[in-house]
Amino acid sequence: MKTSSSFEEPFGSHRIRFEAPDRICTVLDGPLSVEEAEAIIGRIYELGRKHGPLLSMLDVARYASSGERVRQVFLRGSTERIPVRAGAIFGASFPTRVAMSMVLTAGAHILPSRFSFPVTFTATEAEARAWLEAHRPADSVRRPGDLLPTGT
């Protein structure tokens, strides 16, 4: 059952904002702990199971490097395919963009069945939203059962 409500949830100094029917914005504010990263990833999977594949924005304007253990959380994830149809990362400094590009590239090579969605970097949230809208399906009808296969 899909709901039309939007909401925001904190994860330490970070937060996820869900915008019905299928968009999330994850705001990273400072470094991530392993526990925060695991909680955020878990919540993204929950939202994907409930609402279907998501359009994902990631605000990293105030993100601080979090280290190898946190990178491993994002690469490890779950046995499910990441429930993201398309992703846009905005506000990244050059070093952050390079580091995130490396993680995304590694994920695509190590776990191609789970990292098979397009991702772009943009300067602003408005550009991220526009890019994501261009990747929204024409029918825009999603059901929770549309989510991606597990165990691949």
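This is a short dialogue about reading a predicted model of a protein chain.

Me: I've got the structure open. Which helices and strands should I expect, and how many?
Reply: Keep in mind that you're looking at a predicted model. The protein chain has 4 helices and 6 strands. Going along the sequence, they come in the pattern β-β-β-α-β-α-β-α-β-α.

Me: How much of the protein chain is buried?
Reply: Of the 152 residues, 41% are buried. The word has a cut-off behind it: a residue is buried under 20% relative accessible area, exposed over 50%, and partly exposed in between. As for the outside, the accessible surface is about 7600 Å², and carbon and sulfur atoms account for 59% of that.

Me: What share of the contacts joins residues 24 or more positions apart?
Reply: Take the contacts with a separation of 6 or more: 78% of them are between residues 24 or more positions apart.

Me: Let's try a helix. What span should α1 have, and what span does α1 have?
Reply: You work with 1.5 Å a residue. The 18 residues of α1 should then span 26 Å, and its end C-alpha atoms are indeed 26 Å apart. Its buried residues include V34, I40, I44 and L47, and also R43, a name to remember for later. Just after α1 comes G52, which has a positive phi, near 90°.

Me: And α3, what does its length look like?
Reply: Helix α3 covers residues 94–110, which is 17 residues. From first C-alpha to last, α3 reaches 24 Å, close to the 24 Å expected.

Me: Which residues of α3 are buried, and why do they sit on the same side?
Reply: The buried ones are T96, M100, V103 and G107. They cover an arc of only 55° around the axis, so they end up on the same side of α3. Now turn the helix round: the face away from that buried side carries F94, P95, M102 and H109, which are exposed.

Me: What comes between β5 and α3?
Reply: A loop, and S93 is in it. With 36% relative accessibility, S93 counts as partly exposed. Try finding V60 too: S93 and V60 are 33 residues apart along the chain, with their C-alpha atoms separated by 8.2 Å.

Me: How do I read a pair of aromatic rings?
Reply: You describe such a pair by the distance of the centres and the angle of the planes. In this structure there is 1 aromatic pair. F7 and F18 form it, at 5.4 Å centre to centre with 25° between the planes, and the pair is stacked. The cut-off for that word is planes under 30 degrees apart.

Me: Which parts of the chain does the pair tie together?
Reply: F7 lies in strand β1 and F18 in strand β2, so the pair ties together parts that are 11 residues apart in sequence.

Me: Are F7 and F18 buried or partly exposed?
Reply: There's one of each. F7 counts as partly exposed at 26% relative accessibility, while F18 counts as buried at 0%.

Me: What about charged side chains?
Reply: Side chains of opposite charge can pair when their charged atoms come close. This structure holds 12 salt bridges. One of them joins E9 and R43, with the closest N and O atoms 2.6 Å apart. E9 lies in strand β1 and R43 in helix α1, so this pair ties together parts 34 residues apart in sequence. E9 is partly exposed, with a relative accessible area of 22%, and R43 is buried, at 18%.

Me: Which residue forms a salt bridge with R23?
Reply: That's E133, with the closest N and O atoms 3.1 Å apart. R23 is in strand β3 and E133 is in helix α4, 110 residues apart, so to speak of distant parts of the chain is fair. R23 is buried, with a relative accessible area of 14%, whereas E133 counts as partly exposed at 37%.

Me: What else does E133 form a salt bridge with?
Reply: With R136, where the closest N and O atoms are 3.0 Å apart. R136 counts as buried at 18% relative accessibility. Now look at the bigger group: R17, E19, D22, R23, E125, R129, E133 and R136 are linked in a network of salt bridges.

Technical notes: Residues are numbered from 1 along each chain as its sequence is written. This is a predicted model: local features need pLDDT of at least 70, side-chain atom pairs count only at pLDDT 80 or more; totals for chains, interfaces and linings use all residues. Side-chain values use heavy atoms; hydrogens and water are left out. Helices (H or I, at least four residues) and strands (E, at least two) are DSSP runs, numbered from the N terminus. The expected span of a helix is 1.5 Å times one less than its number of residues. Buried means under 20% relative accessible area, exposed over 50%, partly exposed in between (1.4 Å probe, protein chains only). The arc is that of the directions from the helix axis to the C-beta atoms. Rings of Phe, Tyr and Trp (its six-membered ring) pair if their centres lie within 6.5 Å; planes under 30 degrees apart count as stacked, over 60 as edge-to-face and the rest as tilted. Contact means heavy atoms within 4.5 Å. Accessible areas come from the Shrake-Rupley method with a 1.4 Å probe; for residues, only the protein chains shown count as cover. A salt bridge is a side-chain nitrogen of Lys or Arg within 4 Å of a carboxyl oxygen of Asp or Glu.
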